[in-house]
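This report looks at two helices, one after the other. Keep the sequence and the 3D view at hand.

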Amino acid sequence: MLGTGLRERARRLAHLHDHQFPSTYLIRPAVRDRLPEAVRPASLTGAAGELAVGYWYPAAGADPAPTPDQAGLTKLLAGVPHAAAAPEALAAERDRVTAVLAHARGLGLRDEHLVDYLYLVERMRRWCTSAYLTGMVTPFLAPGFVAATFALSVAQKRDRLLHTALIARLVPEWAEVPFVSAATGPSTAARVWEGDGVAAVADLLDTAHGPLTGLMRRPAVEKALRTAVRGGPPDPRVLQQFTALAVASERLEPGTTRAPTGATYARLVAPPRPRTPATGRLAALRWIRRTRLGDRLWVTVRRRVRGR
């Protein structure tokens, strides 16, 4: 993956998928610039099968149990930490999702089926890889199958009723085999800040100043970068999302890109300033606080001073 720089990976991903794919795909190898000319052999995908098992439903027995609106909002707003998003952008997205849910209610949907509707019109509409592959067949997006999933109850979805019934009819020798999942262990994918990641995001902080980048709080992005430089694990969502927005801004908001200066990167990698040792009375006070008795005296005095 690191053979292609972060900025180029972001540019290719945005170009191929028309800015529709989530920024989490930036940790994958760079995609090609265009669809392949050769026709692929026909293949099947299980995309949208999640509608039959309540994939986005909150865990059974969750306490407190979130409402369908809360569960759906949590899924769709998880792309970036709320503290790193501009408040007005967060509020606008909440309003947009609320309007989608209101439309679903207008169609007669209730309870967890509201979450299913969100998954269908948001997750499947924009983040389905099969839409960008020739020869890919998506049987679970057939209108009949989608309608059938909305006819199932919440309990039937949690029990995988549709799956088990189809297996019992089509592959009866597998009917009693339980569904299992296996942990694949920690991800071995390169982190977004590895390779040229820190330098690339720092450069984007200097150069990309269009409205799209205003959807995130720039100080939060720089803080995440500083954490990476110092060897800590920053939240990758902050750096991935800003990269995607900044690269999109360069293409979609001409005239807002500034000349590179390297100022942010230089500030991040500069060695920390040495601490000036305390002298005189201040040093004595700090020494006193290191003892148990001294600390108790300090707290007592502070309380009396504040109580005046």
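## Two helices and their buried residues

Gly231 comes just after α9 and takes a positive phi of about 90 degrees. The model is predicted. A glycine also follows α3: Gly108, with a positive phi near 100 degrees.

The spans of the two helices are set out below.

| Helix | Residues | Number of residues | First to last C-alpha | Expected at 1.5 Å a residue |
|---|---|---|---|---|
| α3 | 87-106 | 20 residues | 29 Å | 28 Å |
| α9 | 218-229 | 12 residues | 17 Å | 16 Å |

For α3, the reach is close to the expected value. The reach of α9 is likewise close to what is expected.

**Helix α9.** The buried residues here are Ala220, Val221, Glu222, Ala224, Leu225 and Ala228. Glu222 is thus listed as buried in α9. What do the buried residues of α9 pack against? Their partners are α8 (197-207), α10 (236-252) and α11 (263-269).

**Helix α3.** Buried in this helix are Ala89, Leu90, Val97, Val100, Leu101 and Ala104. They lie on the same side of α3 because they cover an arc of only 110 degrees around the axis. The other side of α3 has exposed residues: Pro87, Glu88, Asp95 and Gly106. Which helices are included in what covers the buried residues of α3? Among them are α2 (68-76) and α4 (113-126).

Conventions. Residues are numbered from 1 along each chain as its sequence is written. This is a predicted model: local features need pLDDT of at least 70, side-chain atom pairs count only at pLDDT 80 or more; totals for chains, interfaces and linings use all residues. Side-chain values use heavy atoms; hydrogens and water are left out. Helices (H or I, at least four residues) and strands (E, at least two) are DSSP runs, numbered from the N terminus. The expected span of a helix is 1.5 Å times one less than its number of residues. Buried means under 20% relative accessible area, exposed over 50%, partly exposed in between (1.4 Å probe, protein chains only). The arc is that of the directions from the helix axis to the C-beta atoms. Contact means heavy atoms within 4.5 Å.
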